[in-house]
Amino acid sequence: MRVSLEDRLLLEGFRVHSAATVDGARLLLQHGVHPGVVITDVRLPDGNGAQVFEMCRTRYPGLPVILMTAYVSVADAVRLVKAGALDYLEKPFKLEDLIETVRLAVEDHSGSDDKGLRGSVGNAERNAIVEALERCDWAISRTAEHLGISRKSLWEKMRRYQIER
């Protein structure tokens, strides 16, 4: 699932750093990676997502953290959200919902009026959509399927970025 999420986030124009373990996440955070948002599974080979959340909360207070799991514990979800986690998703979830949550979290977390990361992500997303539309001969259904999004989402993105044929 991690690799699939990486691919989709890259397609959406996000810069992605990933780790498969708590120790891997610790190394990334200790060596200068300053993420705009963190997505972690609750169950990890060497620990759990709550540990990743705590590392993020300590090192980067206010950093949006999204936790996901197939093994929902309502008590854990409530505890982590009350402690400041942005969201707690139960698998399976709609990928569109996760992408939109990430996009909003990055925009909110940037906290500035300059284009910065938002502008670069927006430009990358717009370019990816235009390329996909051209590759699919501007067929909306084929393009949406190629991008792994709904037709409605594609239309909304085309409107947002003022993409016309």
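A residue counts as buried when its relative accessible area is under 20%. Valine 102, at 2% relative accessibility, is therefore buried. The model described here is predicted. Its protein chain holds 8 helices and 5 strands, and 41% of its 165 residues count as buried.

**Overall fold**

- The order of elements along the sequence is α-α-β-β-β-α-β-α-β-α-α-α-α.
- The radius of gyration of the protein chain is 17 Å, which agrees with the value near 15 Å for a compact globule of 165 residues.
- Along the principal axes, the C-alpha atoms occupy a box of roughly 50 × 35 × 25 Å.
- Among contacts in the protein chain with a separation of 6 or more, 58% join residues 24 or more positions apart.
- The protein chain exposes an accessible surface of about 9,700 Å², and carbon and sulfur atoms contribute 51% of that area.

**Largest nonpolar core**

- In soluble globular proteins, nonpolar side chains tend to be buried together.
- The largest nonpolar core in this model has 19 residues, and the members that touch the most others are Val52, Cys56, Leu67 and Leu80.
- Two or more residues of this core come from each of helix 2 (22-30), helix 3 (49-59), strand 4 (65-69) and helix 4 (74-83).
- Helix 3 is the greatest contributor to this core, giving 5 residues.
- Apart from residues up to four places away in sequence, valine 52 touches Val22, Ala25, Val38, Thr40 and Leu44.

**Valine 102**

- Valine 102 lies in helix 5, which spans residues 95-110.
- Beyond its neighbours within four places in sequence, valine 102 contacts Leu9, Phe14, Val37, Ile39 and Ile66.
- Glycine 36 is 66 residues away from valine 102 along the chain, yet the C-alpha atoms of these two residues are 8.9 Å apart.

**Cysteines**

- A disulfide is a covalent bond between the sulfur atoms of two cysteines.
- Searching the whole structure gives 0 disulfides.
- Cysteine 56 has a relative accessible area of 1%, so this residue is buried.
- Cysteine 136 is also buried, because its relative accessible area is 8%.

**Helix 7**

- Helix 7 covers residues 140-147, and its buried residues are Ile140, Thr143, Ala144 and Leu147.
- These buried residues span an arc of only 100 degrees around the axis, so they sit on the same side of helix 7.
- Glycine 148 follows helix 7 and has a positive phi, near 75 degrees.

**Helix 8**

- In helix 8, residues 151-160, the buried positions include Ser153, Leu154, Lys157 and Met158.
- Their arc around the axis is only 135 degrees, so they share the same side of helix 8.
- Lys152 and Arg159 are exposed on the other side of helix 8.
- Glutamine 162, just after helix 8, adopts a positive phi of about 50 degrees.

Technical notes:
Residues numbered from 1 in each chain as written. Predicted model: local features only at pLDDT ≥ 70, side-chain atom pairs only at ≥ 80, totals over all residues. Heavy atoms only, no water. Disulfide = S-S within 2.5 Å. Buried < 20%, exposed > 50% of the residue type's maximum accessible area, 1.4 Å probe, protein only. Core = buried A, V, L, I, M, F, W, Y, C linked by side-chain atoms within 4.5 Å. Helix = DSSP H or I, 4+ residues; strand = E, 2+ residues; numbered from the N terminus. Contact = heavy atoms within 4.5 Å. Rg over C-alpha atoms; globule rule 2.2 N^0.38 Å. Areas by Shrake-Rupley, 256 points an atom, 1.4 Å probe, with all protein chains shown as cover. Arc of directions from axis to C-beta.
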